[in-house]
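Me: Please take a close look at one part of this structure, its salt bridges. A long, connected answer is fine.

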Amino acid sequence: MTQGSSHRVVVIVDENSNPFELSCAIEVFGLRRKAELGRELYDFALCSPEPRTLMRDGFFTLTGVAGLEAADTADTLIVPNRPDTDVPRRPAVLDAVRRAHQRGARLVGFCSGAFTMAEAGVLDGRRATAHWQWADAFRARFPAVRLEPDVLFVDDGDILTAAGSAAALDLGLHLVRRDHGVEAAVSVSRRLVFAVHRDGGQRQFVEHPIPSPASSADTSLGPLLEWARGRLGTPLTVAGLAARAAVSPATLHRRFRAQLGTTPLAWLTAERVALACRLMERGDPAVESVARASGLGTAANLRTQLRRRTGLTPSAYRERFAPGA
């Protein structure tokens, strides 16, 4: 347990839970942060319905954690996730999730955790996501839930879900930024050696083709991407990127598809939106100046692209993430 903050995060660990997502929760919410941030971010605890909990595939047994009653003290409750999504959750666990929701606690589900919340009945009519591999099964079992399978995570206010195992880190850092601001999130991400904001959604990871072994180092997009990131505020074009890489636009498209699963224009737009978000998080005052500095050109285009990727207007984004929000 980490103590020192008034916001209490509790993780329910149930039989066959995934160790990776549990580790993500511990890394983001459970580590002490006083040395690096001057304060602790969360009060953290694990709990389980049984004194001994066998983790996924019997990798190890978890003991010595609090009983399920600790879930009743959570401000944020992270629900169990397990790979056997068709196995019903324990009634006691589902009751704990319902009680937390009824008293206004924030609920978080990593990967298959959406199944736990849906089974508890708290997701009906709400937005959520789950791993793309289980999307069809989830829709068939829980048609009342508004599943969004093409995103890394969904923030629906008091209920948040992450799509896959690694997306638990994306959602965890999003919560740190939402609770404590962008500087705290950047500090945590730096310690994790993980991007504080990762563009894109699940679609780019679904059945993604592996580049041909014939690809050599000189076909890597890395140098070109770094060069473009340093010039987002300039009038970059796909033709200009192709010229920089000394290839035809058609070849550049093929390389982007093979290595990133997207197009050069889509990548460029996503990078510019990400830059615009960083500028707004730092407190840049004018939408027009953010649009120019990020290469999006006009305030209208910034609003369109930001809403498409985050669901927020510039003013709403500032209210949530700018200094003092």
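**Salt bridges, pair by pair**

Reply: In this predicted model, Asp95 counts as partly exposed, because its relative accessibility of 36% lies between the limits of 20% for buried and 50% for exposed. Its partner is Arg98: the two side chains meet in a salt bridge, with 2.7 Å from N to O. Arg98 is also partly exposed, at 28% relative accessible area. Both residues belong to helix α3, where three residues, or about one turn of the helix, separate them. Elsewhere, Asp14, Glu15, Glu50, Arg82, Asp84 and Arg90 make up one network, joined by salt bridges that share partners.

The next pair is Arg32 and Glu40. They form a salt bridge whose closest N and O atoms are 3.8 Å apart. Glu40 has a relative accessible area of 12%, so it falls under the 20% limit and is buried.

Arg191 and Glu36 form another salt bridge, and here the closest N and O atoms are 2.3 Å apart. This pair links distant parts of the chain, with Arg191 in helix α7 (residues 182-192) and Glu36 in helix α2 (residues 34-37), 155 residues apart. Arg191 is partly exposed, at 44% relative accessibility. Glu36 is partly exposed too, with a relative accessible area of 31%.

These pairs are examples from a longer list: a search of the whole structure finds 23 salt bridges. Among the pairs described here, Asp95 and Arg98 sit within one helix, whereas Arg191 and Glu36 join helix α7 to helix α2.

Key
Residues are numbered from 1 along each chain as its sequence is written. This is a predicted model: local features need pLDDT of at least 70, side-chain atom pairs count only at pLDDT 80 or more; totals for chains, interfaces and linings use all residues. Side-chain values use heavy atoms; hydrogens and water are left out. A salt bridge is a side-chain nitrogen of Lys or Arg within 4 Å of a carboxyl oxygen of Asp or Glu. Buried means under 20% relative accessible area, exposed over 50%, partly exposed in between (1.4 Å probe, protein chains only). Helices (H or I, at least four residues) and strands (E, at least two) are DSSP runs, numbered from the N terminus.
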